[in-house]
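Visitor: Could you take me through the nonpolar interior of this one? I'd like a close look at that part, with enough of the whole chain to place it.

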Amino acid sequence: MKIFVISMKSYKARREFQIRQAKSLNLDISFIDAINGSDLSSEELQNAANEWTRPIFSKDVGCYLSHRKVWQQVCKEEQKCLVVEDDVIFSSKIKQILNSIENLKDSWDSVYDLEFAPGDHVLSNKVSFSDEKNLFEIKEIYQNKTGLAAYVLGPKLASKMLLELNNYVMIDAAFWSRTWPKYLQIEPAPAVQMMHIGKAIKSDDSSIEDVRNKNYLNKSWLSRKAIRLKISLLELPKFIKSTLLGDKRTLKFDKDEFIKNFDNLYN
């Protein structure tokens with residue numbers, strides 16, 4: 001499976017980490033140059049804010065544009081692809097998991113979340129798939145609004161996301177809140193962002209902070225309320241389903257393994 005890593009050119013330490021990780025796990029990765037939100041004009045950022053309900057930062061717009069950029073690349077492929085952000089650490093089982101996902105006879109609208117993100121998710125109690133070696137299970141996601149750091153999607157789904165999310169949105173919440181995809185969670189989660197296990201690549205810290213220093217707000221109070229209402233109505237069916245049928249809990253993942261993997265690669 002092709003793996004696209006979203007990464008700013010200036011984040012050299014992170015790219016070096018991902019290259020070492022890919023080599024250790026026998027993964028085929030390609031870097032997609034991320035859009036740096038701080039390079040966007042104030043007008044571009046304000047126009048994006050006018051499409052949303054709450055204050056946003058340039059980093060948020062850069063993240064939105066970067067994921068759209070990688071979806072454009074996925075559209076050119078014939079098979080499912082893994083998209084990851086450059087601060088992701090993998091489980092040692094990631095290769096077997098990706099091979100299993102690649103070979104599943106699923107529908108075009110299936111998207112797989114591989115990431116552990118903190119906070120409660122709402123999953124089905126029913127197991128959709130369990131591999132022969134019991135390395136992982138797949139369950140349907142009823143509710144998830146956080147995290148877009150490691151997910152598998154196919155070209156047709158990527159194309160539809162590009163059409164549907166063509167104006168600025170808070171990308172992770174919007175991606176996981178569509179009405180039509182079949183959202184699926186891998187557990188134990190085989191990917192996690194460094195910050196969620198208390199790790200960081202220090203040389204990149206200052207460049208990250210540079211894009212968090214000013215926010216932008218939709219200038220129209222009425223527009224903010226209208227957008228919020230539209231989002232709430234869109235999410236209502238999933239909310240009802242998750243309330244009636246879902247299992248609300250934190251995701252399973254092996255934190256100790258991720259800490260060990262990071263230390264082995266970075267130290």
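**Inside the nonpolar core**

Guide: Sure. Among contacts between residues at least 6 apart in sequence, 83% join residues at least 24 apart. Bear in mind that this is a predicted model. The chain carries nine helices and 14 strands. Its radius of gyration is 18 Å, close to the 18 Å the globule rule gives for 267 residues, so the chain is as compact as a globular protein of that length. Buried residues account for 50% of the 267.

Now to the part you asked about. In soluble globular proteins, nonpolar side chains tend to be buried together. Here, the largest nonpolar core has 55 residues, and I56, W71, Y151 and L153 are the ones with the most contacts inside it. Helix α3, running over residues 58-74, gives the most to this core, with five residues.

Let's zoom in on I56. Skipping its neighbours within four places in sequence, I56 still touches L45, A48, A49 and V61, and the list goes on with Y168, M170, K214, N215 and Y216. Contact here means heavy atoms within 4.5 Å.

That's not the whole nonpolar story, though. A second, separate core has 26 residues, among them L27, I94, L184 and I186.

And on the outside? The accessible surface comes to about 13,300 Å², and carbon and sulfur atoms hold 50% of it. As for charge, the mean positions of the 40 positive and 36 negative charges lie 3 Å apart.

Key:
Residues are numbered from 1 along each chain as its sequence is written. This is a predicted model: local features need pLDDT of at least 70, side-chain atom pairs count only at pLDDT 80 or more; totals for chains, interfaces and linings use all residues. Side-chain values use heavy atoms; hydrogens and water are left out. Helices (H or I, at least four residues) and strands (E, at least two) are DSSP runs, numbered from the N terminus. The radius of gyration is taken over C-alpha atoms; the globule rule is 2.2 Å times the number of residues to the power 0.38. Buried means under 20% relative accessible area, exposed over 50%, partly exposed in between (1.4 Å probe, protein chains only). Accessible areas come from the Shrake-Rupley method with a 1.4 Å probe; for residues, only the protein chains shown count as cover. Lys and Arg count as positive and Asp and Glu as negative; His and the chain ends are not counted. The place of a charge is taken as NZ of Lys, CZ of Arg, CG of Asp or CD of Glu. A nonpolar core is a set of buried Ala, Val, Leu, Ile, Met, Phe, Trp, Tyr and Cys residues joined through side-chain atoms within 4.5 Å.
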